[in-house]
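This report looks at aromatic rings, at charges placed over rings, and at one sheet. The sequence and the structure are shown next.

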Amino acid sequence: MNIYTDIHALVVGALQRITAEGGLPAGLDLSNVSVEPPRDPAHGDMATNAAMVLAKPAGMKPRDIADRLAAELASDPRIATAEVAGPGFLNLRLAGEVWAAVTRAVLTLGGDYGRSTLGQGRRINVEFVSANPTGPLHVGHTRGAVFGDALASVLDFAGFDVTREYYINDGGAQVDTLARSVYLRYLEAFGETVDFPAGTYPGDYLIEVGEALKAEVGDAYVGQPEDVWLAPVRDFSTDRMMVLIRADLASLGVTMDRFFSEKSLYGTGRIEAALKALDAKGLIYQGVLEPPKGKLPEDWEPREQTLFKSTDHGDDVDRPVKKSDGAWTYFAPDIAYHFDKIERGYDGLIDVFGADHGGYVKRMKAAVSALSDGRVPLDIKLTQLVKLYKNGEPFKMSKRAGTFVTLRDVVEQVGPDVTRFVMLTRKNDAPLDFDFDKVQEQSKENPVFYVQYAHARVNSVLRKAIEAGIAVDDASLAATDLSGMTHPAEIAMAAKLAEWPRLIEIAARTNEPHRIAFYLYELAGLLHALWNRGNDESGLRFLQEGDPVTSQAKIALARAVSVVISAGLGILGVTPVEEMR
RNA sequence: GCACCCAUAGCUCAGCUGGAUAGAGUGUCGCCCUCCGAAGGCGAAGGUCGUAGGUUCGAAUCCUACUGGGUGCACCA
């Protein structure tokens with residue numbers, strides 16, 4: 001049940017009847033007619049812009065259209081009043097029964113309330129994290145992991161068929177560096193003293209990998225030249241790293257549907273096939289790029305390379321796919337990977353990158369556009385930096401000083417639920433401040449706590465009601481008489497619940513899961529406000545002493561709020577708490 | 001030099017395919033807290049939505065140019 005789409009359909013139907021009766025010219029485009037919640041509650045429960053949008057094409061005054069529409073709508077039992085206001089808005093006030101119906105729908109549908117058919121089962125691939133398999137995930141990856149996972153969940157809830165995918169960059173030079181670093185730890189495990197030259201990874205986390213390698217192969221690689229051990233050590237090490245990364249993700253509650261190996265693209269003709277597809281469209285050529293304007297790289301020299309004509313698909317310059325020595329650039333397997341995703345038949349692709357990869361957006365979009373002939377949309381979401389604080393003081397990360405903050409560090413300190421919620425309290429493209437102390441504070445300014453507290457409070461009411469012998473299972477509550485739900489604070493809460501399905505669709509359309517976190521904070525705020533009013537006006541308390549019937553009605557509304565909070569937290573991957581401790 | 005992201009209350013940030021008098025938290029000020037869970041509550045003040053144009057019945061939202069901040073800029077993944 002989505003009351004906004006219901007009323008929207010009602011408005012469109014009314015407009016069509018008016019048109020049929022000659023009140024409006026035929027053939028008007030109604031697609032811009034919207035039904036929205038007004039900013040100011042004094043303007044009613046919903047407003048439609050129909051009269052303003054149609055005035056010009058119809059050649060009529062907005063007011064005349066609005067008056068006619070108001071008369072048409074007034075006959076529907078769901079509409080209490082329809083008033084023309086402002087420049088031509090039609091403000092609708094809904095009958096009390098509508099809010100009761102919303103509340104009942106929440107209680108009946110439970111966690112499925114708000115589920116949408118927007119996606120119509122279309123297949124979407126969300127690629128996220130995709131960190132190099134050279135070490136544990138750090139805080140930056142954490143944000144990408146949480147964002148991507150929550151986004152995938154929103155899309156799923158909105159009716160898309162979602163695949164969560166991780167692209168393992170195991171085909172490039174950095175995994176060779178990993179192998180060399182592990183080899184040094186391996187020698188160390190035999191008692192050798194080693195030092196780590198620049199360009200290797202000195203992190204402690206490789207010590208155990210070196211020891212594991214020793215346990216696996218004994219001294220087989222000691223004193224051997226690199227060409228003997230590099231490939232096997234590389235495979236061994238990347239496997240180990242992926243085990244580590246999967247465990248990191250698991251600690252956050254993130255499960256990928258698929259891990260796609262870059263290496264699997266090499267030597268299998270996949271890259272060649274992707275580039276051949278581009279070549280067939282006349283988008284591959286041999287050429288020399290112009291030097292970049294401004295500061296010139298010191299070793300710049302014109303080189304003939306194999307180039308992808310990405311400028312034909314919106315990029316600023318054409319991009320090399322082969323180095324001057326004939327080897328692939330990193331971009332080539334990326335093209336092949338996206339080609340693979342297109343060939344797997346997805347209706348849409350989403351890539352979640354860190355903000356430092358903003359420079360790749362245009363070329364990736366160009367590649368996907370070219371390879372799919374513009375059929376498969378690619379949306380790239382960039383997650384901005386996470387700034388760490390402790391007690392309000394900036395907390396600097398430094399690999400050398402050992403203050404490198406990993407995903408595991410964060411999760412172990414504040415828990416997965418807090419980590420996830422906090423990571424979604426900012427829009428993805430806004431920088432995020434993460435204060436280890438503040439996120440665990442129990443106060444109104446901490447949204448994690450505030451939302452959880454609302455959920456716990458409702459649970460507290462339910463417990464008390466059960467003690468008082470009142471039936472508060474969802475079926476009983478859904479069947480209760482809600483006609484007494486008339487207080488503005490109660491209506492406001494029901495109206496907020498009515499927005500939930502609409503919010504899901506907006507979040508899914510914009511690929512912005514943070515909207516859910518903000519919505520839950522607002523919904524929790526309404527519950528707290530009503531609770532507080534109950535302190536002064538005992539008639540507003542959920543539990544009415546000696547009046548089980550009224551109690552049931554009040555509790556039905558409170559329970560509906562906790563159902564939606566629970567569902568919303570579920571989409572964000574946060575476990576709702578039953579009690580605050 | 002170019003591209004992308006950002007600029008909204010003192011501070012941190014929301015703001016719906018363009019909608020009415022732009023919201024929240026925090027801070028400030030005033031009042032209140034024996035009462036289902038006060039790890040507070042109610043209210044007030046606080047804005048040229050970076051600047052200047054444009055499109056529109058209507059712009060924080062779309063377009064253009066500036067200003068200021070962040071990120072990235074040939075064979076590195």
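The model is a predicted one, and it holds 16 aromatic pairs. One of them is formed by Y186 and F190, whose rings meet edge-to-face, with 5.2 Å from centre to centre and 80° between the planes. An angle over 60 degrees counts as edge-to-face, which is why this pair is given that name.

How exposed are the two partners of this pair? Y186 has a relative accessibility of 0% and therefore counts as buried, whereas F190 has a relative accessible area of 32% and is partly exposed. Both residues also belong to a cluster, in which ring pairs link Y183, Y186, F190, Y221 and W229.

Rings in this model also have charged side chains as partners, and the two cases below give the distance from the ring centre.

| Charged residue | Ring | Distance from ring centre |
|---|---|---|
| K322 | W328 | 5.2 Å |
| R363 | F331 | 6.0 Å |

In the case of K322, the charged end sits over the ring of W328, while R363 lies over the face of F331.

Turning to the backbone, an open sheet of 4 strands is arranged in the order β1-β2-β4-β3, and its pairing is antiparallel. The strands at the edges are β1 (35-36) and β3 (79-85), and each has a single partner strand, so one side of each is left without a neighbour in the sheet. Strand β1 runs antiparallel to β2 (residues 46-48), and 2 bridges join these strands. Within this pairing, V35 has T48 of β2 as its bridge partner.

Technical notes:
Residues are numbered from 1 along each chain as its sequence is written. Chains are lettered from A and ligands numbered from 1 in the order in which they are written. This is a predicted model: local features need pLDDT of at least 70, side-chain atom pairs count only at pLDDT 80 or more; totals for chains, interfaces and linings use all residues. Side-chain values use heavy atoms; hydrogens and water are left out. Rings of Phe, Tyr and Trp (its six-membered ring) pair if their centres lie within 6.5 Å; planes under 30 degrees apart count as stacked, over 60 as edge-to-face and the rest as tilted. Buried means under 20% relative accessible area, exposed over 50%, partly exposed in between (1.4 Å probe, protein chains only). A charge sits over a ring if NZ of Lys or CZ of Arg is within 6 Å of the ring centre and within 35 degrees of the ring normal. Two strands pair if DSSP finds at least two bridges between them.
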